Every structure is written in C-alpha cells, then in structure tokens.
Amino acid sequence: MSDHLKLENQLCHRFYLLSNAFTRAYRPLLDQLDITYPQYIVLMALWEKDNITLSSLTEKTGIDAGALTQILKKLSSKSLLAIEKSDSDKRVKYVQLTPKGNALKSDAATIPPQMFCKFNDMSPTEIDTLMQLLDKLNSSLQAES
C-alpha cells in the first residue's frame, strides 16, 4: 500500500476529525441558547454588522446561499431575525436582528472564553499562528476552485 494513501498521512482527515471535535465541544454551549453552530455563525456575523444584505451575509459567513436560506428561516421562526425586501430593489433582501436576537448576544459572549479554555495545551501565540496558517490554507484552496 502506498504511504500517501494511509489515513494517518491525510491532512484532510485531520480536519474532518477536528471539525467533529469542534462540533461536539460547541454543542452543549449552543444547546443552552437553542441554536446550532451554523446558526451561531450567522448570528455572530449579524452581531458584528446588523441589517446587511443577504448577499453580504453569504459572503461574510461563507455559507452557500441554499443552506443560508434554511438557516435564516429557522432563526426567523425563533424570532431572532427578520428578512425584509429593499424598498428600492425588491430583489435585494436585508437581514436584521430582532430585539430577541440582539439580546442573545450577551448570553453568547461566554462561549468564546469557554472554548479557549479547551485549548490549554496551546499558547495564545500558537493559536494565532494556527489561525494564520488556516487562513493561508483556505485562501490557497479557494483560489484553486
């Protein structure tokens, strides 16, 4: 068997395992807020900049339009956000937080510190370096597609 076909030599498999580990680590924290991780991503983007176009939200989150539409419907059904058509161009939709969605931000503020506590084997410098390397890898893969 070729060494480059061994599972232990696959970078992508490490990301798969890591993605699953992150999902498991976030789940109990997000369950308390009654949201999923993709919903959390959308809410974080809106807490950063509210009342943005659907296309801007797609770009900011990196979530494809079809999946984002489903996430927005669910968040809307939970009264966390509203989707409004633009007055000037009915094809453009704006996404904005409701007061309930804005209020959830204070509860969610405890999540990042709780997650960083799980990285006790890594220094802040290592975490920063890892984020830079992941951004670089992501940029390389995005450029290829």
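**Figure 1. The whole protein holds 7 helices and 3 strands.** This is a predicted model. If you walk along the chain from the N terminus, you meet the elements in the order α-α-β-α-α-β-β-α-α-α. Taken along the principal axes, the C-alpha atoms fill a box of roughly 60 × 35 × 25 Å. Of the 145 residues in the protein, 25% are buried. Consider the contacts between residues with a separation of 6 or more: 51% of them involve residues 24 or more positions apart.

**Figure 2. Strands β1, β3 and β2 form an open sheet.** In what order do the 3 strands lie in the sheet? The order is β1-β3-β2, and the pairing is antiparallel. Residues 52–53 make up β1 and residues 81–85 make up β2; these two strands stand at the edges. Each of the two has a single partner strand, so one side of each is left without a neighbour in the sheet. Follow β2 across to β3 (residues 93–97), and you will find 5 bridges joining this antiparallel pair. One of the places to look is E84, whose bridge partner in β3 is Y94.

**Figure 3. Helix α2 packs against helix α5.** Two packed helices are described by the angle between their axes and the distance between the axes. Here α2 covers residues 37–48 and α5 covers residues 99–108; the angle is about 105°, and the axes are 10 Å apart. That angle makes α2 roughly perpendicular to α5, because angles from 65 to 115 degrees are put in that class. Which residues make the contact? From α2 come Y40, L43 and W47, while α5 brings G101, N102, L104, K105 and A108. Sorted by class, the residues of this contact are 5 nonpolar, 2 polar and 1 charged.

**Figure 4. Helix α3 meets helix α4.** Helix α4 spans residues 65–77, and α3 packs with α4 at an angle of about 110°, with axes 10 Å apart. The two helices are therefore roughly perpendicular to each other. On the α3 side, look for L54, L57 and T58; on the α4 side, they meet A65, L68 and L72. How many charged residues does this contact have? It has no charged residues, with 5 nonpolar and 1 polar making up the contact.

**Figure 5. A close look at T61 in helix α3.** Helix α3 runs over residues 54–61, and T61 has its place there. Is T61 buried or exposed? T61 has a relative accessible area of 17%, and it counts as buried because the cut-off is under 20%. The side chain of T61 reaches the backbone nitrogen of I63 at 3.2 Å. Leaving aside neighbours within four places in sequence, T61 is in contact with I41, V42 and A45.

**Figure 6. A close look at Q39 in helix α2.** At a relative accessibility of 5%, Q39 counts as buried. Where does the side chain of Q39 reach? One place is the backbone nitrogen of T36, at 3.0 Å. The side chain of Q39 is also joined to the side chain of K78 by a polar contact of 3.3 Å. Setting aside neighbours within four places in sequence, you can trace contacts from Q39 to D34, I71, K74, L75 and K78.

Notes: Residues numbered from 1 in each chain as written. Predicted model: local features only at pLDDT ≥ 70, side-chain atom pairs only at ≥ 80, totals over all residues. Heavy atoms only, no water. Axes fitted to C-alpha atoms, helices over the stretch in contact; angles between N-to-C directions. Helix = DSSP H or I, 4+ residues; strand = E, 2+ residues; numbered from the N terminus. Parallel < 35°, antiparallel > 145°, perpendicular 65-115°, else oblique. Contact = heavy atoms within 4.5 Å. Nonpolar A, V, L, I, M, F, W, Y, C, P; charged D, E, K, R; others polar. Buried < 20%, exposed > 50% of the residue type's maximum accessible area, 1.4 Å probe, protein only. Polar contact = N/O pair within 3.5 Å; in protein donor to acceptor, adjacent residues only side chain to side chain. Pairing = 2+ DSSP bridges.
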